[in-house]
Every structure is written in structure tokens, then in C-alpha cells.
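Biologist: I would like to learn how to read a bound ligand and a salt bridge in a structure. May we go through one example together?

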Amino acid sequence: MKLKQIESNIKDNLDYQTKQKHSDVVDDYYGFSVYDIESSLVDNAQVKFPNGNYKSWGKSLYAGSEAWIGLHPRQLQTTYYELIECCRELDLKEGEILCDLGAGFGRAGIVIGELYPKSFFIGVEIVSQRVEDGNKIYKNKGFSNCKLIEENLDNPNCIPISDYYFIYDFGIVSQINKVLEKLSDISSNKKIKIIARGRGVKTLIENNHPWLTVFEIKHFETFSIFSSHSS
Ligand SMILES: C[S@@+](CC[C@H](N)C(=O)[O-])C[C@H]1O[C@@H](n2cnc3c(N)ncnc32)[C@H](O)[C@@H]1O
């Protein structure tokens with residue numbers, strides 16, 4: 001299944017499991033090795049921390065950061081349906097940059113590489129195996145406008161200046177909060193929008209980040225878009 005087919009299915013109102021299954025098929029089409037890589041990450045975690053489980057492995061292996069080792073790959077990533085809907089809603093323009101903070105394998109880069117070749121994608125991700133797999137695919141497909149960088153968001157200074165930031169509850173609350181504080185600094189020089197997916201990041205924004213709740217807010221089924229300035 002190609003991304004264009006997902007695009008044409010969007011109006012069909014499919015259930016979430018079907019969207020997840022279709023997204024796996026798209027991953028296969030592009031050549032991702034999500035299941036193999038995730039299972040080897042689990043094997044490695046089991047050897048190093050035999051008494052651990054999916055709740056502890058990520059944090060044990062990545063110095064307290066939540067790398068979601070052992071989570072089912074379908075839960076790890078946002079479906080292509082949602083990512084397409086999000087990019088349509090943002091109406092990505094030539095030269096604009098979307099950054100995914102905690103990018104997984106970089107599915108959003110597939111959407112931008114394929115459907116928005118004049119815009120740019122940068123994904124920040126802590127797990128090197130996911131970064132390598134995503135970048136290999138962007139290279140094979142000639143998506144020179146997309147890249148994943150291996151960084152730890154515990155240091156928010158690694159965050160690239162972008163127009164849009166996608167955040168899907170990537171980590172622990174204090175880290176997400178630090179990242180939102182850094183985005184607040186960035187927004188003092190430019191208008192940004194934040195796409196918040198997951199209860200954690202949405203609640204944090206609503207409770208602790210009034211700079212994102214004064215202007216336009218749009219809610220969708222699985223994500224919300226907050227703006228730092230009026231439109
Ligand atoms: C829930 S997944 C979301 C993946 C992607 N954004 C999506 O929506 O498809 C969160 C990702 O954030 C990454 N992550 C967690 N903590 C991180 C950190 N401190 N620095 C960079 N990436 C991190 C995890 O390894 C995981 O791949």
C-alpha cells in the first residue's frame with residue numbers, strides 16, 4: 001500500500017486498528033524494518049536487564065529517558081492517516097519545517113518527502129537504530145528534504161528552529177515540560193505551532209503553558225494544534 005492510497009482512504013472513516021494495519025503496510029512498502037529492529041532492541045534489553053519489562057527497559061538503557069523499548073510497534077508510532085491529516089491542516093508551505101520531537105522511525109518524514117517535497121522535515125530521536133533506519137529510507141527514496149538526528153531531548157538546546165513541532169508524549173513529564181519551555185523561548189522570535197498528540201503533552205500545555213492557550217487552538221480526534229501567536 002502506498003501513501004497515496006492512504007490519502008484517498010482518509011474520508012472513509014476507518015477504525016483505528018485498520019489505520020494502524022494500513023500504516024504497517026505502508027512501512028513495508030517503503031522498506032522500514034520496524035518489527036525486526038524493535039524485537040532486537042527487546043532482545044538486547046532482556047540480556048542487560050533480565051528482570052525488567054517494557055515499563056523499565058527504555059529508561060534503564062537511555063539514562064532515564066523513555067525510549068519505549070518493548071512497546072508494540074503499532075502503539076509506538078502515529079498512523080499515516082493522522083500525519084497526513086495533520087500536514088493538510090497545517091497547510092505546509094514551501095520552505096516551512098516540521099520537526100517531530102521524539103520521532104521514532106520518522107513516519108512524518110515519509111509524508112513530507114512524498115507529499116510536500118518543497119517543505120522540510122527534521123525528526124529528533126534518541127534511539128540510534130530508529131534514526132539509521134529512517135535516514136536509510138529517506139536516502140533510498142531521494143527525500144533530501146528529510147532527516148532524522150540522533151539527540152537526547154533532555155538537552156532541549158538540540159531542538160532545531162522550525163515552524164511546526166509535533167510532540168507525541170515522547171517521554172517523562174519533566175522532559176516534555178523542559179522542551180515546551182525551550183519552545184516558548186523559540187516563539188519569542190517567531191510564530192510556531194505545536195501539534196500535541198497524547199494526554200500528557202496536552203495537559204501540560206493546558207495547565208502550565210498559557211503562551212499556547214491564548215490564541216487559536218484546534219482539536220482533532222487524536223491531536224490538537226496550538227499556536228504561539230494570532231494568525
Ligand atoms: C511515542 S513515540 C512517537 C514517535 C513519533 N513521534 C510518532 O508519533 O510516530 C516517542 C519517541 O520519542 C523518543 N524519545 C523518548 N525520549 C526521548 C529523548 N529524551 N530524546 C529523544 N527522543 C526521545 C522515543 O525513543 C520514541 O521513539
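Reading the ligand site and a salt bridge

Modeller: Please keep in mind that this is a predicted model. We begin with the location of the ligand: the ligand sits in the largest pocket.

Biologist: How many residues surround the ligand, and which are the closest?

Modeller: A residue is counted here if one of its heavy atoms lies within 4 Å of the ligand. In this model, 23 residues surround the ligand, and the closest are Thr 78, Gly 102, Glu 125, Asn 152 and Leu 153. Sorted by class, this shell holds ten nonpolar, seven polar and six charged residues.

Biologist: Which backbone atoms lie close enough to the ligand to form a polar contact?

Modeller: A polar contact is a pair of N or O atoms within 3.5 Å. A nitrogen atom of the ligand lies 2.7 Å from a backbone N or O atom of Gly 102. For Leu 153, a backbone N or O atom is 2.8 Å from a ligand nitrogen atom. A polar backbone atom of Ile 126 is 3.2 Å from a nitrogen atom of the ligand.

Biologist: How much of the ligand's accessible area does the protein cover?

Modeller: On its own, the ligand has 600 Å² of accessible area, and the protein covers 99% of that.

Biologist: How many salt bridges does the structure hold?

Modeller: The structure holds 15 salt bridges. One of them joins the side chains of Glu 38 and Arg 130, at 2.9 Å from N to O.

Biologist: Which parts does the pair of Glu 38 and Arg 130 tie together?

Modeller: Glu 38 belongs to helix H3 (residues 34–48) and Arg 130 to helix H8 (residues 128–141), so the pair ties together parts that lie 92 residues apart in sequence.

Definitions and conventions. Residues are numbered from 1 along each chain as its sequence is written. This is a predicted model: local features need pLDDT of at least 70, side-chain atom pairs count only at pLDDT 80 or more; totals for chains, interfaces and linings use all residues. Side-chain values use heavy atoms; hydrogens and water are left out. A polar contact is a pair of N or O atoms within 3.5 Å; within protein, one must be able to donate a hydrogen and the other to accept it, and residues adjacent in sequence count only if both atoms are side-chain atoms. Accessible areas come from the Shrake-Rupley method with a 1.4 Å probe; for residues, only the protein chains shown count as cover. On a 1 Å grid over the protein atoms alone, a cavity is a set of points where a 1.4 Å probe fits but cannot get out, and a pocket is an open set with protein on both sides within 12 Å along at least five of seven lines; lining residues have an atom within 4 Å of a point. A molecule sits in a cavity or pocket if more than half of its atoms lie within 2 Å of its grid points. Ala, Val, Leu, Ile, Met, Phe, Trp, Tyr, Cys and Pro count as nonpolar, Asp, Glu, Lys and Arg as charged, and the others, Gly among them, as polar. A salt bridge is a side-chain nitrogen of Lys or Arg within 4 Å of a carboxyl oxygen of Asp or Glu. Helices (H or I, at least four residues) and strands (E, at least two) are DSSP runs, numbered from the N terminus.
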